[in-house]
Amino acid sequence: PKTPKPQTIDTIKMEPTSHDKITVEPISIAKNLNTVFGAFDYSAENDLIAYASANLICIMTLEKQPKVLFTLNGHKDRVNSVRWLSKTCLLSVSADKTIRQWRCEGDVRNWDSWKNVQTVEAGTKSVNYLKVLKQEAFSFVLTGSLDGNIKLFTFAEQLECVGQLSFGANIQEAMALTVVADDQLLITFGGYDKLIHVYRVTFDKSGKISGAVTKSMKYLCSL
């Protein structure tokens, strides 16, 4: 068969006139976002987005034109996940092996109002995963590190480690927190061992966990 001739399209060259007014506005939504799970989080309470960029946390407003207001500097290595706990409280985990609490006292859109008020070691290798479940009087916080360790924290004013599990080389990348009764928390993991692990934690209304740190998470099953 004969090869069809390529179609041609007539082009029109427009000469600018005094009546032509073209305005171009560049809008950057998120620049240099770290390509990791949980790299950004939106707070409806303060209408701000926090996102990870290198070892910084960028705080961006969505009002009128999206723009970065300021950055939070403190982590020594790449930030892997950020989560808002409230209008004035933010958590972050990093390849520097820590989880950090950032707190605002004043205007949330003012850099001077924000401080790194707590830093806790959450692993011996990069901490990549962060989950938060908010309750009325406190929150549950779960971290996962590339050393295979999972840590459970409670948070009211400060992070307190209340449980720890070790999966060794079977790193757990997927994590979920679910309250199934007034005093029962289910924690579910999935990772390199191709299994789903389910643990149960018993707690009271203040967030106090029953059992020692290493034994507070009761094993239920693996699927």
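This note goes through the sheet, its hairpins, the strand β2 and one charged pair in a predicted model.

1. Overall sheet. Four strands make up an open sheet, ordered β1-β2-β3-β4, with antiparallel pairing. β1 and β4 (67–73) are the edge strands, each pairing on one side only. From one strand to the next the twist averages 25°. As background, strands of a sheet pair through backbone hydrogen bonds, either parallel or antiparallel.

2. β1 with β2. Strand β1 (residues 40–43) runs antiparallel to β2, and four bridges join the two. To find this pairing in the model, start from Asp41, whose bridge partner in β2 is Ala50. The two strands form a hairpin with four residues between them. Asp47, in the turn, has a positive phi of about 55°, and this backbone angle can be checked when viewing the hairpin.

3. β2 with β3. Six bridges join β2 to strand β3 (residues 56–61), again in the antiparallel sense. Ala52 has Ile57 as its bridge partner in β3. This hairpin has two residues between the strands, and Ala54 takes a positive phi near 55°.

4. β3 with β4. These strands are also antiparallel and pair over six bridges. Leu56 has its bridge partner in β4 at Asn73.

5. Burial of β2. Strand β2 covers residues 48–53, and six of its six residues are buried, so the strand is largely enclosed by the rest of the structure. Which residues point to each side of β2? Leu48, Ala50 and Ala52 point one way, while Ile49, Tyr51 and Ser53 point the other way. All of these residues are buried, Tyr51 and Ser53 included. Two of them also appear in the pairings above: Ala50 is the bridge partner of Asp41, and Ala52 is that of Ile57.

6. The salt bridge. How many salt bridges does the model contain? The count comes to one. Asp96 forms a salt bridge with Arg100, with the closest N and O atoms 3.7 Å apart. In general terms, side chains of opposite charge can pair when their charged atoms come close.

7. Setting of the charged pair. Are Asp96 and Arg100 buried or exposed? Asp96 has 15% relative accessibility and counts as buried, because the cut-off for buried is under 20% relative accessible area. Arg100 has a relative accessible area of 9% and is buried too.

Conventions
Residues numbered from 1 in each chain as written. Predicted model: local features only at pLDDT ≥ 70, side-chain atom pairs only at ≥ 80, totals over all residues. Heavy atoms only, no water. Salt bridge = Lys/Arg side-chain N within 4 Å of Asp/Glu carboxyl O. Buried < 20%, exposed > 50% of the residue type's maximum accessible area, 1.4 Å probe, protein only. Pairing = 2+ DSSP bridges. Axes fitted to C-alpha atoms, helices over the stretch in contact; angles between N-to-C directions.
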